[in-house]
Amino acid sequence: MSYDISLYRTKTKVREENAHDADFFEKEENLVPFTGQQFQELKERLLSYNYKITGEDDHGLHFSHSDGDFGTVLLTGNALYFTASWNENSIFEVGMVASEFTDGGEYAKYDFQRGEWEVWE
C-alpha cells in the first residue's frame, strides 16, 4: 500500500475545483502541461533534494532516493507524482518535499488520500 501526493500547475487546481468531476484526474486533457522550463526546473530541484533518476519511459522520468522515507517520484509532462510508503516517516517526508515545491506559487499539491489541495500562501 502506498500514499500518493501529486504536484500540478495551479491552473490545474483551478480547473479541478471548477469541474466538479470525480474522475477529473483520470482525464489527461484536464491537466495543464508544464512548460519546458518548468519541467527542467522540477527535474533539477528533485536532483538537488538528492533524488536520483532511475529510468525514463513513455510515462516520464522516474526518481528514487537513497533514504526510502523520501519515496519515489515520477515526473511527467503535466504532473509530479510522489509515492510514499505507508508509514508515518515516509508520509511526512514526502509530504514536506511536495509542500516545499509549492513555494513559488506556480504549483499546487494534491493529497489523494485526503482529497485536499495545498498551495503556498
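## From Leu-7 outward through the sheet

Leu-7 stands opposite Lys-109 in strand S6, and in this predicted model the same residue, Leu-7, also stands opposite Leu-80 in strand S5. These two pairings lead into the strands around S1, which comprises residues 2–9 and is joined to S5, residues 80–85, by six bridges, the two strands running antiparallel. Towards S6, strand S1 is joined by five bridges, and here too the strands run antiparallel.

From this starting point the whole sheet can be laid out: seven strands form an open sheet in the order S2-S3-S4-S5-S1-S6-S7, with antiparallel pairing. Strand S2 (51–57) and strand S7 (116–118) stand at the edges and have a single partner strand each, so one side of each is left without a neighbour in the sheet. On average, and with direction ignored, neighbouring strands of this sheet are turned by 25° against each other.

Strand S6 deserves a closer look. Five of its five residues are buried, so S6 is largely enclosed by the rest of the structure. Both of its faces are covered, with Tyr-107, Lys-109 and Asp-111 buried on one side and Ala-108 and Tyr-110 buried on the other. S6 also pairs with S7 in the antiparallel sense, over three bridges, and the bridge partner of Tyr-110 in S7 is Trp-117. Four residues lie between the strands in the hairpin of S6 and S7, where Gly-115 takes a positive phi near 65°.

Two helices can now be placed against these strands. Helix H1, residues 10–19, lies across S1, S6 and S7, running at about 105° to S1. Helix H2, residues 36–48, packs on the sheet and touches S1, S2, S3, S4, S5 and S6, while its direction makes about 15° with that of S3. Which residues of H1 are buried? They are Thr-12, Lys-13 and Glu-16, and, seen down the axis of H1, these buried residues fall within an arc of 105°, so they line one face of the helix. The buried residues of H1 pack against S1, S6 and S7. After H1 comes His-20, whose phi is positive, near 50°.

What remains is the empty space. Rolling a probe the size of a water molecule over the atoms shows where such space is left. In the largest pocket there is about 250 Å³ of space, and 13 residues line this pocket, of which Tyr-8, Phe-25, Leu-31, Asn-78 and Tyr-81 lie nearest its centre. The largest share of that lining, three residues, comes from S1.

Notes: Residues are numbered from 1 along each chain as its sequence is written. This is a predicted model: local features need pLDDT of at least 70, side-chain atom pairs count only at pLDDT 80 or more; totals for chains, interfaces and linings use all residues. Side-chain values use heavy atoms; hydrogens and water are left out. Two strands pair if DSSP finds at least two bridges between them. Axes are lines fitted to C-alpha atoms, for helices over the stretch in contact, and angles run from 0 to 180 degrees between N-to-C directions. Contact means heavy atoms within 4.5 Å. Buried means under 20% relative accessible area, exposed over 50%, partly exposed in between (1.4 Å probe, protein chains only). The arc is that of the directions from the helix axis to the C-beta atoms. On a 1 Å grid over the protein atoms alone, a cavity is a set of points where a 1.4 Å probe fits but cannot get out, and a pocket is an open set with protein on both sides within 12 Å along at least five of seven lines; lining residues have an atom within 4 Å of a point. Grid points are joined across faces, edges and corners, and a volume is the space filled by probe spheres set on the points.
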